[in-house]
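Q: Could you take a close look at one helix in this model for me, and at what surrounds it? I'd like to know which side faces in and which faces out.

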Amino acid sequence: METSDVIKLKEGIKEALKKWTGSKIDALFPKKPQTRVILKRGLYNYLEKEDLKINSMVERIMLFVGDENGVINTDTAIDMLIDLFKEMDVQEYKIGIIPITVGKGEFVLNLPHNPLLDMLVGELGKVTIKAEDILEMKKMFVEA
């Protein structure tokens, strides 16, 4: 898909992210409907809260993946970003109380033990998202 509509592109990315993460939450907790509701609500609220940062990040990335006319081939751009993700040196970050390791094609959330998280996710320990998983989200985005 090719586009020069920045707003449409940003909204498409965010919707694909919501759909993809929602399906991952469903798969992780098939027998815990209340947990799924709470985690999805938290995720969607977090994305809404961070909307300006997400928009800014997408706009900065678009400077590097668009052609001289501002047209972006989303299929090629996503493939290029996935390749960069695979090459990225491992970095550590924190989102709230959750330590995250990103790089070499993996995004790892190390879930600490505390009463609230244990009540929600039990002994999950960590969640790993690989570059191949992001290709699933790409399919959802390209289909939209």
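A: Let's fix the terms before anything else: a residue is buried under 20% relative accessible area, exposed over 50%, and partly exposed in between. Keep in mind that this is a predicted model.

The helix to look at is H3, which covers residues 51-65. Its 15 residues reach 21 Å from the first C-alpha to the last, close to the 21 Å expected at 1.5 Å a residue.

Now for the inward side. Ile54, Asn55, Val58, Met62 and Val65 are the buried residues of H3. They take up an arc of only 100° around the axis, so they sit on the same side of H3. There's a simple rule behind this kind of pattern: an α-helix has 3.6 residues a turn, so residues three or four places apart point the same way.

What do these residues pack against? The buried residues of H3 have four partners: helix H1 (6-28), helix H2 (33-49), strand E2 (72-73) and helix H4 (74-87). Turn to the other side of H3 and you find Leu52, Lys53, Leu63 and Phe64, which are exposed.

Follow the chain on from H3 and you come to Gly66, in the loop between H3 and E2. Gly66 has 24% relative accessibility, so it counts as partly exposed. Leaving aside residues up to four places away in sequence, Gly66 touches Val71 and Ile72. For a sense of scale, the C-alpha atoms of Gly66 and Met119 are 45 Å apart, with their positions 53 residues apart along the chain.

One of the packing partners, H1, deserves a quick stop too. Lys18 is in helix H1, and at 21% relative accessibility it counts as partly exposed. With residues up to four places away in sequence left out, Lys18 touches Tyr44, Leu47 and Glu48. Lys18 and Lys40 are 22 residues apart in sequence, and 8.5 Å separates them in space, C-alpha to C-alpha.

Last, the empty space. Searching the whole structure turns up one cavity of 30 Å³ or more, and the largest cavity holds about 40 Å³ of space. Its lining is made up of Leu111, Pro112, His113, Leu117, Asp118, Val121, Gly122, Leu124 and Gly125. By type, that lining divides into five nonpolar residues, three polar and one charged.

Methods: Residues are numbered from 1 along each chain as its sequence is written. This is a predicted model: local features need pLDDT of at least 70, side-chain atom pairs count only at pLDDT 80 or more; totals for chains, interfaces and linings use all residues. Side-chain values use heavy atoms; hydrogens and water are left out. On a 1 Å grid over the protein atoms alone, a cavity is a set of points where a 1.4 Å probe fits but cannot get out, and a pocket is an open set with protein on both sides within 12 Å along at least five of seven lines; lining residues have an atom within 4 Å of a point. Grid points are joined across faces, edges and corners, and a volume is the space filled by probe spheres set on the points. Ala, Val, Leu, Ile, Met, Phe, Trp, Tyr, Cys and Pro count as nonpolar, Asp, Glu, Lys and Arg as charged, and the others, Gly among them, as polar. Helices (H or I, at least four residues) and strands (E, at least two) are DSSP runs, numbered from the N terminus. The expected span of a helix is 1.5 Å times one less than its number of residues. Buried means under 20% relative accessible area, exposed over 50%, partly exposed in between (1.4 Å probe, protein chains only). The arc is that of the directions from the helix axis to the C-beta atoms. Contact means heavy atoms within 4.5 Å.
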